[in-house]
Amino acid sequence: MKMRSLWLLLGLGLLALSHVQASTEIADELLDEDLDLSDIDENEEEFLRLLEEKNKIKDIERENEIATKLAEVQDNLLNPVVEVDLCETISCGAGRICQMHDEKPKCVCIPECPEEVDTRRLVCTNTNETWPSDCSVYQQRCWCDSSEPGCTNPDNAHMHIDYYGACHEPRSCEGEDLKDFPRRMRDWLFNVMRDLAERDELTEHYMQMELEAETNNSRRWSNAAVWKWCDLDGDTDRSVSRHELFPIRAPLVSLEHCIAPFLESCDSNKDHRITLVEWGACLELDPEDLKERCDDVQRAQPHLLG
């Protein structure tokens, strides 16, 4: 259909061009006569004839302009120019931008962060340091990870945001508070999953897991734990980084003073990543059951984890 329309458009263009060429020859003859309306006598018929010839010249000029534009359109249709931004094909992550180097896309640390004057943009890191914005934290982490001159402390390569706002004096979490926190965390995860299901904001597979948790008490906490862990594992590498913990840590830090030490304790081997086994141990759940369930989730809906 598109090809038929293109040939129709091309045929009309050629027809218009042939008419323009014939009319141009007549116009050239009239122009050679150097018409001057001031010399016309009172013969009305002759005056009208000459005026008509003048209008024909203007029509020819317009037709020439249309024919030129038509040729440009035909050329664009037959020889389209497609420009591809190679930087659109890669994702650089927080604190990095894509730039072209030697005609190849490359992720580099963001050179400059916007100057922030709003105190609500302040962020507090896991080292209890206040930074001007999340951009400045990600930039600093990138500099340290790449060993660039802007790095102020090599340990900042593992720095992450705890919560938004200026840092405050952390409350201690000890004794019964810390001991009881896994239970509170399990309940919170299940309640969040149930609320999302009621608002129809879970995928079909997670909706089935939530329904199973509602009707089977043995799956109540484990299903919620699997759902949240798989949800946090954004790059699907079977572990959750400190950075990936931000969505669960930030909203709770001002409400639950035990969330920070709890999540720190989950990283039992101190490699800055939490595996599903470590996650289950923190929540005092059966890690084997969690591993099996998460495998089911990944096989059924692999795109959910990306």
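Helices here are DSSP runs of H or I with at least four residues, numbered from the N terminus. The model is predicted.

**The largest pocket**

The largest pocket has a volume of about 590 Å³. Its lining counts 25 residues. Nearest the centre of this pocket lie Arg 141, Ser 241, His 243, Glu 244 and Arg 273. Three helices, α3 (134-145), α6 (220-232) and α7 (246-249), each supply at least two lining residues. Of the contributions to this lining, that of α3 is the most, at four residues. By class, the lining of the largest pocket holds nine nonpolar, seven polar and nine charged residues.

**The second largest pocket**

About 330 Å³ of space lies in the second largest pocket. Its lining is made of 19 residues. Pro 170, Arg 171, Val 253, His 257 and Ala 260 lie nearest the centre of this pocket. Strands β3 (123-125) and β5 (161-164) each give at least two residues to the lining, and so does helix α8. The largest share of this lining comes from α8, with three residues. By class, the second largest pocket is lined by seven nonpolar, seven polar and five charged residues.

**An aromatic pair between helices**

Helix α8 also takes part in a ring contact. The model has one aromatic pair. Phe 181 and Phe 262 form this pair, with 4.9 Å from centre to centre and 55° between the planes. Planes under 30 degrees apart would count as stacked and over 60 as edge-to-face, so an angle between these limits is called tilted. The Phe 181–Phe 262 pair is accordingly tilted.

Phe 181 sits in helix α4 (residues 175-198) and Phe 262 in helix α8 (residues 259-266), so the pair ties together parts that are 81 residues apart in sequence. Are the two rings' residues buried or exposed? Phe 181 is buried, with a relative accessible area of 1%. Phe 262 is buried as well, with a relative accessible area of 3%. The cut-off for buried is under 20%.

**Charges over rings**

Two tryptophan rings have a charged side chain over them. The table gives each charge, its ring and the distance to the ring centre.

| Charged residue | Ring | Distance to ring centre |
|---|---|---|
| Arg 186 | Trp 221 | 4.0 Å |
| Lys 228 | Trp 227 | 4.7 Å |

Arg 186 lies over the face of Trp 221. In the other case, the charged end of Lys 228 sits over the ring of Trp 227.

Notes:
Residues numbered from 1 in each chain as written. Predicted model: local features only at pLDDT ≥ 70, side-chain atom pairs only at ≥ 80, totals over all residues. Heavy atoms only, no water. Phe/Tyr/Trp six-rings, centres within 6.5 Å; stacked < 30°, edge-to-face > 60°. Buried < 20%, exposed > 50% of the residue type's maximum accessible area, 1.4 Å probe, protein only. Lys NZ or Arg CZ within 6 Å of the ring centre and 35° of its normal. 1 Å grid on protein atoms, 1.4 Å probe; cavity = no way out; pocket = protein on both sides within 12 Å on 5 of 7 lines; lining within 4 Å. Points joined across faces, edges and corners; volume = space filled by probe spheres on them. Nonpolar A, V, L, I, M, F, W, Y, C, P; charged D, E, K, R; others polar.
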